[in-house]
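Me: I am new to this structure. Please walk me through how to read its features, one at a time.

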Amino acid sequence: MPQKKDTSAPRAAAIVGPYTAGKTTLLEAMLATAGAIGRRGRVTEGNTVGDATPEARDRQMSTEPNIANCSYLGEHWTFIDCPGNVELSQDALNALMVVDVAVVVCEPGEEKALAIGPLLKFLDDHSIPHFLFINKMDNASVGVKATLEALQSVSERPLVLREVPIRTGNEITGFIDLVSERAYEYREDKPSVLVSLPDSERDRETTEREQLLEALADFDDHLMEELLDDVAPPVDELYQTITRDVQQDLVVPVFFGSALQSNGITRLLKALRHEAPEPQATAERLGFDDTGEPVAQVFKSLHAAHTGKLSIVRVMHGEVNDGMTVAAGRVSGLFSFELGKPTKAAKAGLGEVVGLGRLDDVATGDVLSPSGRAEALEWPRPLAPLFALAIGAEKREDEVKLTGALAKLTEEDPSLSFGHDEDTHELLLWGQGSVHLQIAVARLRNRFNITARTDRPKVAYKETIRKPVAKHARHKKQSGGHGEFGDVHVEIKPLGRGEGIQFGEKITGGAVPKQYIPAVEAGVREYCSSGGPLGFPVVDLAVTLTDGQFHTVDSSDMAFRKAAALAMREGMPECNPVLLEPICHVEIAVPNEFTSKVQRLVSGRRGQILGFQAKDGWTGWDEVEAHLPQSEMHDMIVELRSMTLGVGTFSWRIDHLNELIGKESDRVIAEQAERNK
């Protein structure tokens, strides 16, 4: 066993992994093993320490980080159980930035390995030490070795198996520690007991231990020499080597067990205790210099019903006190997270995770210090939006409250965003997928008492013309006193795509006085923005005022503006109008085994493949470039994830407008006409 270690400062571990991997159950098992709770709760019964919000209970899944403190063998730990649904991954990425170590939970099976590839890539890119825990081994039909090989294919770091299973028939009844070469037998909801190493497992144990030693020797010349000289390295030396390699993110230890049965939990906790880095190392990884003043990193914002806004931070240097002043304001309330519930506290020291109250101008990713000069490495950018819904309040009196509540939700979750679409005039809520936005709408109802209605967003169709026309129009109105008179001759001509609306004049002899020409232009532009013959805003045409007449008494800006709009209204139907749809440039990233499926997805959505290439920095991934109509992109992320085990994603931007003809055009025009009735 490892040598006795000095007591550490409070450390933090994030529990991450795909949805259904069993992370919340693992948190319960760890808290029970540490003695923090007397009885493990179950997700299906809604009595776990985490997942206490109505949204989590309704869906029986984590919808925001669950934070719980406990002590294990005299040391303080904070565990952050992060949502596993890929649409809620922003919280996991933010939490990973501040913890000392991550426990990546996955299920056994080769097909399950692919789902944690992007997560392992993030950990590797940010040099975050991490462990792998293969859960649900009590019901596994696939062996640890096959799962490990599949996991290695998606990890840049070498995975080192730390234990091998002991099987009785098809059931795993214990494990052999490959470092100490001791065997243990599982006891349900009790610590494992030391047993004799079974003769049937000796050959396998020897083989797997040799592979462990060879993996460690790649980073240790002394160990390599011992192996070449056929010298058995001392157990204490191996533990020291593993600890150093884990803390430097050189290797990834792999454990297995069953969170539901509490199998393998004690072994995992002891490995974390001995091998996870200290908070000082995490502060150094994040680029913090110890300037002598308190420093805290904000990784989550939360608007709680009774405490107001909480900025959840990890203390990286010094001590934070309730009432202290930082550059962003005065801390009004300091809360620790005992078993997930905010509890009033007076202070927090190095390594602790706490909530700071009433710092209204503080955002996720901010660094807090009294001077305001503390700096860290650049915080990761929020995930780009992939899915939108048009949103509005059911009750008119809630419309003002809605935007305020959405602002709070987007503050809590930076991968949410909202804003008004200038073309369709809708309020759009953007996120990572359908489930993400459904949870946001549920929070509006549960937390802010706002019932919202949602709908599929409108597409910003436009229209243009194919041929020129000359048109004369006169606006004349007499109703006693001064009348209204404006007379214009205009030429309407098509322009190239993207050239916009252009206005000019060729007036001679003062046929239209100069003071009225801006009104003619205003009338043209108002008509184009309000919609042409097909019912959509008009783009890419030139209008030239060539002649006209005026009346010294009855002419006015308003009269000429109306005359110009009349000329456009009468002339545009003769210009062979055509519908334009927005086309997006899309870059779709998937493991290369799914590239052919992506090509079919694009063609099935009226898209055009532009090409594909290896994704830079991602081993085994391709990036497919395509042009896709915006109307076909609303639920594309849902289909893409469905066909790629949840890992496919894309980035996009509006690229150009393209003519839309045929049945699809007829359908769009008919729907717009129905709306305009």
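Reply: Start with how elements are named. Helices (H or I, at least four residues) and strands (E, at least two) are DSSP runs, numbered from the N terminus. With that in hand, take Asn449: it lies in the loop between helix H13 (434-448) and strand S25 (452-455). The model is predicted, so local features need pLDDT of at least 70 and side-chain atom pairs count only at pLDDT 80 or more, while totals for chains, interfaces and linings use all residues. Residues are numbered from 1 along each chain as its sequence is written, and side-chain values use heavy atoms, with hydrogens and water left out.

Me: What is notable about the phi of Asn449?

Reply: General idea: most residues other than glycine have a negative phi. Asn449 has a positive one, near 60 degrees. Leu645 is another non-glycine case, with a positive phi of about 55 degrees. Leu645 sits in the loop between helix H17 (636-643) and strand S34 (649-660).

Me: Are these two residues, Asn449 and Leu645, buried or exposed?

Reply: Use the cut-offs. Buried means under 20% relative accessible area, exposed means over 50%, and partly exposed is in between (1.4 Å probe, protein chains only). Asn449 counts as exposed because its relative accessibility is 61%. Leu645 has 45%, so it is partly exposed.

Me: How many helices and strands does the protein chain have?

Reply: There are 18 helices and 34 strands in the protein chain. Its C-alpha trace spans about 110 × 55 × 45 Å along the principal axes. Of its 677 residues, 54% are buried.

Me: Which contacts link parts that are far apart in sequence?

Reply: A contact means heavy atoms within 4.5 Å. Take the contacts in the protein chain with a separation of 6 or more: residues 24 or more positions apart account for 73% of them.

Me: Show me one helix. How many residues of helix H1 are buried?

Reply: Nine of the 11 residues in helix H1 (residues 23-33) are buried, so H1 is mostly covered. Among them are Leu26, Leu27, Met30 and Leu31. The buried residues of H1 pack against several elements, including strand S1 (11-16), strand S4 (101-106) and H10. After H1 comes Gly35, with a positive phi near 85 degrees.

Me: Now charges. What is a salt bridge?

Reply: Side chains of opposite charge can pair when their charged atoms come close. The cut-off here is a side-chain nitrogen of Lys or Arg within 4 Å of a carboxyl oxygen of Asp or Glu. A search of the whole structure finds 42 salt bridges. One of them joins Glu275 and Arg162, with the closest N and O atoms 2.9 Å apart. This pair links distant parts of the chain, 113 residues apart: Glu275 is in helix H10 (residues 265-275), and Arg162 is in the loop between strand S6 (159-161) and strand S7 (163-168). Both Glu275 and Arg162 are buried.

Me: How far apart are Glu664 and Arg667 in helix H18?

Reply: They are three residues apart in helix H18 (residues 663-675), so about one helical turn separates them. Glu664 and Arg667 form a salt bridge, with the closest N and O atoms 2.4 Å apart. Glu664 is partly exposed, at 24% relative accessible area. Arg667 is also partly exposed, at 35%. Elsewhere, salt bridges that share partners join Glu55, Glu64, Glu412, Arg443 and Arg447 into one network.

Me: Which residues form a negative surface patch?

Reply: Lys and Arg count as positive and Asp and Glu as negative; His and the chain ends are not counted. Each charge is placed at NZ of Lys, CZ of Arg, CG of Asp or CD of Glu. Patches are made of residues with over 30% relative accessible area and no salt bridge: like charges are joined within 9 Å, nonpolar side chains (Val, Leu, Ile, Met, Phe, Trp, Tyr) within 5 Å. Accessible areas come from the Shrake-Rupley method with a 1.4 Å probe; for residues, only the protein chains shown count as cover. Here Asp221, Glu225, Asp229 and Asp230 form a negative patch. Glu225 belongs to helix H8 (residues 221-228). At 46% relative accessibility, Glu225 is partly exposed.
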